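Please open the model in a viewer and keep the sequence panel at hand. The stops below are arranged so that each selection leads to the next.

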Amino acid sequence: MLRKLNLLFLGVVLFTLMVYAKSSVVWSGAFDANNWNSCQEVSIGSVSSGDKIVFKGDAYSNAQIQICSKDWQTKFTGDYASFDGTYTIDVTSSNASTLSQGVNVKGQNFKLTSVTVISGGDDSGNTGGSTSGDSGNSGSSSNYSGKGFHTSGTKLLDANGNEFIMRGVNYSWCWQYGNGDGNTADDVIPAAKRQGANVIRIQLADGGNRSWKKPTAAELSNLIKLCKDNKLIAIFNTHDETGSNKESDLERAANFWISMKDILNANRAYVLINISNEWYGNWEASSWAAGYEKVIPMLRNAGIKNTLIVDCAGYGQYPASIPEAGAGVLASDPDKNMIFSEHLYDCFPTAAKVDAAIDNALTVGAPVIVGEFSYNHKGQSVAWQEILDHCQAKSVGYLGWSWTGNGDGTEACDMFGGYDDSDMKENGKCIILGHNGIKETSKECSLFSGIKGGGTTDPDANYLPWTGSATAGDGKIFSAAGFAVGDTIQFKGSGSGTLTIQTKAGKTIASGSFNGDYRLAITDANFSALTSTWKLAGSGYTITAMNKKRYVKGGNDPIVPVENGYRVTVWEGSFPIEWSGNGLKLLGYRFDGAQKGDKLIFTISDPVYSGKKGPQLQIGNSGYSAMVEGKEGQGCVDIKKGKTTYEFTLNAENVDDLLNGEQDGGLRIKGQNCTLTSVVLETASPQYEYTTKAVFSPKGGGLDMGMWSDDALTKIQPAKFKAAGLQEGDRVVFNLTETNATEMAQLQIVYLKGWEAIRSNFKNVGVQAPRFWFTVTADEAAQLNSVGMGLKGTKCILKSVEVWHRNDVITGIDNITADDSRFDDNTPVEIYTLSGQRIYHFDNSRRQMYIIKQGGKTMKVIR
């Protein structure tokens with residue numbers, strides 16, 4: 001018995017030595033990363049595959065860290081990663097040598113206090129990111145349950161067991177990886193996240209096409225890390241086999257994935273494998289199925305565990321192959337962990353064809369996605385809106401084709417004009433901003449957002465939203481798991497006292513006065529605590545409900561009353577201001593309702609003063625022309641020492657630039673030595689109601705303006721304007737669509753008598769769909785009522801011309817949001833834009849402000 005105990009003790013000791021790896025502090029000190037201009041060199045020493053390098057310190061609001069190789073050529077964090085006090089790099093065979101030479105650390109809003117090397121473990125292929133276990137940290141795998149993506153019937157579930165519905169884009173890395181300035185992925189992937197995507201499908205090569213780049217293991221690992229750092233799920237496909245009917249080509253793709261098995265398996269919670277793009281070009285099912293029934297067992301027998309995606313036959317455009325032969329393909333996967341993908345282009349011009357393609361495929365019993373589609377393909381229309389709508393109705397994922405760089409007649413498929421997101425094209429507007437588009441329906445994967453599968457993170461917790469009765473010290477535990485940064489918890493109840501929210505250990509998260517209603521915004525700083533478990537403290541209240549409130553980014557009250565008007569946060573974030581690049585572009589829709597005399601207020605942080613050079617902002621319109629006077633006439637203004645804001649008053653030209661300028665209007669901001677944190681519109685101008693009256697409505701729903709030809713002349717007789725009651729202060733509004741996605745439409749707007757331009761700049765005015773308008777002066781109203789209007793143009797279809805007749809000033813506007821209890825969704829309302837135009841439904845493609853009349857009240861709301 002004693003011998004057995006001794007052996008048992010020895011086994012425990014050996015096991016303990018194996019589990020607890022040796023750690024060594026390689027650097028300690030106090031490096032303040034207050035701005036991006038300072039750097040700390042850290043000598044790492046010899047490390048090997050399986051080691052971990054842990055960076056620790058004090059993190060403040062919006063802390064960001066960048067860790068680069070000693071020669072600055074390799075960014076182990078990408079451009080930057082969020083820092084919450086701990087950041088870990090996993091050492092692999094591909095980065096060990098570079099790390100051993102040392103690293104450079106820089107960033108903002110944190111103090112680095114130590115760097116530790118922990119030896120031991122195996123090479124999992126994980127390429128870094130924090131493994132500290134704190135929710136929401138960039139690259140964190142703390143919510144990973146031991147499984148990867150997996151399917152349940154027609155649903156795709158993530159590693160937490162939560163359903164994941166894809167909303168994403170395509171990016172062609174294998175022929176776009178370098179643009180002369182480095183890896184284009186460094187631009188595209190963060191931009192895709194900014195636009196709301198939750199997944200990105202990346203085209204790779206496996207060597208079949210020698211002109212395309214086949215990634216190394218290190219390059220694949222870096223792409224995965226970049227996606228994880230930006231909280232995007234990655235789908236990879238090989239593109240070489242497009243349209244091929246040869247099984248040998250499909251086998252080459254399978255062998256490529258097998259060669260990357262360790263990296264893929266280590267990241268199966270974040271990576272899905274689209275075996276081959278559009279393999280099998282024939283519109284026939286049996287041979288297509290036979291090819292996949294051969295290679296899927298190859299992949300599984302080699303040990304690949306990731307969820308597999310199979311494109312249907314016919315270049316991905318014969319979805320009938322899925323109900324015809326997909327059951328056999330599904331049965332060939334011993335893991336039953338696969339998805340079918342359809343590519344819907346001009347063969348799907350009607351809603352009926354789209355619906356049939358999706359519905360019939362779902363009958364096989366596996367998830368289905370639309371892996372590629374666009375609003376137009378080679379000049380032919382695609383039923384893109386039905387794709388968005390039906391995918392939303394059926395919980396089916398979709399990915400738009402493609403970010404940029406299309407040619408050979410498919411240029412309309414470009415979602416953006418370059419690798420960043422500063423120039424959104426029509427395809428991007430449809431798929432990202434359209435109703436049921438990415439912006440409206442995308443939900444971040446729960447691995448990144450901190451949502452636990454099934455709400456079972458703590459069996460004692462009450463999960464929000466919640467109703468009941470709770471008081472301080474009653475022992476009830478709550479959790480906002482599933483909420484996100486930017487959400488607000490609304491506490492409702494009775495009594496008057498102090499409401500305090502504490503961690504289970506008693507640490508105060510927030511506290512404030514309670515008088516029946518209290519609202520707590522979830523921020524980067526309190527996200528981890530609030531999405532874990534917490535309790536109520538304080539006194540003098542009873543809470544009866546806790547609900548989620550979603551506001552536009554900018555805090556609890558994005559509309560703040562000021563004297564005779566409102567202050568509206570139109571953008572908030574953290575954007576390093578530099579002279580290089582395109583700067584920050586804010587599109588015109590953010591400034592809806594802006595009028596002459598309003599103010600724009602720019603707030604900065606992290607000012608840097610070096611000699612005579614301090615923070616500067618260059619504020620220009622979308623066409624890069626200066627909007628404010630400044631040094632050398634370039635609109636460059638100094639932010640004086642001790643100041644953190646700059647403001648200027650809009651003139652009529654500024655307003656026109658914001659609302660009607662080139663490339664969707666708006667403004668661009670560049671400069672130096674600061675970080676922009678917000679742009680606020682302060683409007684002291686009265687808000688007006690407008691009554692809409694059409695003065696021109698062509699038959700067939702639209703008039704092609706042609707190419708300036710006389711037979712394309714449109715005449716609007718003066719009687720039409722008289723009947724509309726046109727007068728000073730009214731607006732003449734032109735509703736149109738563009739016929740050329742790459743060129744701006746143009747109009748010539750004249751008086752019918754003498755063909756004199758109504759304004760000097762109306763001889764040839766660039767206009768942007770869907771609307772152009774101008775406010776009528778007293779003289780213009782008299783002339784139009786007397787002689788009428790003539791129109792010519794090019795590259796657009798004129799849908800209608802309207803007069804917006806200005807009524808009395810709206811008074812008594814309440815400062816609320818549309819999800820406030822005072823706004824009743826079940827009671828009829830009158831809806832107006834901020835410009836005062838009567839409309840008949842909310843625009844669900846984006847959040848914006850409206851004026852609402854309901855029950856004798858007039859309210860300004862965000863919806």
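## Helices on the barrel

Begin by selecting helix 4 (residues 185-194), which lies across strand 10 (167-171) and strand 11 and runs at about 155° to strand 11. Helices (H or I, at least four residues) and strands (E, at least two) are DSSP runs, numbered from the N terminus. Axes here are lines fitted to C-alpha atoms, for helices over the stretch in contact, and angles run from 0 to 180 degrees between N-to-C directions. Next, select helix 10 (residues 351-362), which packs on the sheet and touches strand 15 (338-344) and strand 16 (368-373). The direction of helix 10 makes about 165° with that of strand 15. Contact means heavy atoms within 4.5 Å.

This is a predicted model, in which local features need pLDDT of at least 70 and side-chain atom pairs count only at pLDDT 80 or more, while totals for chains, interfaces and linings use all residues. Residues are numbered from 1 along each chain as its sequence is written, and side-chain values use heavy atoms, with hydrogens and water left out.

## The barrel itself

Now display the strands in the order 10-11-12-13-14-15-16-19: these eight close into a barrel with parallel pairing. From one strand to the next, the twist averages 25°. Two strands pair if DSSP finds at least two bridges between them. For one pair in detail, select strand 11 (residues 199-204) and strand 12 (residues 233-238), which run parallel and are joined by six bridges. Which residue of strand 12 is the bridge partner of glutamine 203? The partner is asparagine 237.

## Two packed helices

Two packed helices are described by the angle between their axes and the distance between the axes. Select helix 8 (residues 286-301) together with helix 9 (residues 321-331): they pack at an angle of about 25°, and their axes are 9 Å apart. The two helices are therefore roughly parallel to each other, a term for angles under 35 degrees (over 145 is roughly antiparallel, 65 to 115 roughly perpendicular and the rest oblique). Show as sticks Trp288, Ala289, Tyr292, Glu293 and Ile296 of helix 8, which make the contact with Ser321, Ile322, Ala325, Gly326, Gly328 and Val329 of helix 9. By class, this contact has seven nonpolar, three polar and one charged residues. Ala, Val, Leu, Ile, Met, Phe, Trp, Tyr, Cys and Pro count as nonpolar, Asp, Glu, Lys and Arg as charged, and the others, Gly among them, as polar.

## Backbone exceptions

Most residues other than glycine have a negative phi, and most peptide bonds are trans. Centre the view on tryptophan 401 and serine 402, which are joined by a cis peptide bond with omega of about -20°. Serine 402 is in the loop between strand 19 (397-400) and helix 12 (426-433). Aspartate 408 is also found in the loop between strand 19 and helix 12, and its phi is near 55°, a positive value in a residue other than glycine.

Is aspartate 408 buried or exposed? At 78% relative accessibility, aspartate 408 counts as exposed. Buried means under 20% relative accessible area, exposed over 50%, and partly exposed in between (1.4 Å probe, protein chains only).

Move on to asparagine 436, in the loop between helix 12 and helix 13 (438-441). The phi of asparagine 436 is near 65°, again positive in a residue other than glycine. At 11% relative accessibility, asparagine 436 counts as buried.

## An open sheet

Select strands 29, 34, 31 and 32, which form an open sheet in the order 29-34-31-32 with antiparallel pairing. Strand 29 (584-586) and strand 32 (636-638) stand at the edges with a single partner strand each, so one side of each is left without a neighbour in the sheet. Within this sheet, six bridges join strand 31 (residues 616-621) to the antiparallel strand 34 (residues 667-672). Glutamine 618 has lysine 670 of strand 34 as its bridge partner.

## A covered strand

Finish at strand 40 (residues 745-751), which is mostly covered, with six of its seven residues buried. Strand 40 pairs with strand 43 (residues 789-794) in the antiparallel sense over six bridges. Leucine 747 lies in strand 40 and stands opposite glycine 793 in strand 43. Leucine 747 counts as buried, at 0% relative accessibility. Asparagine 764 is 17 residues from leucine 747 in sequence, and their C-alpha atoms are 5.6 Å apart in space.
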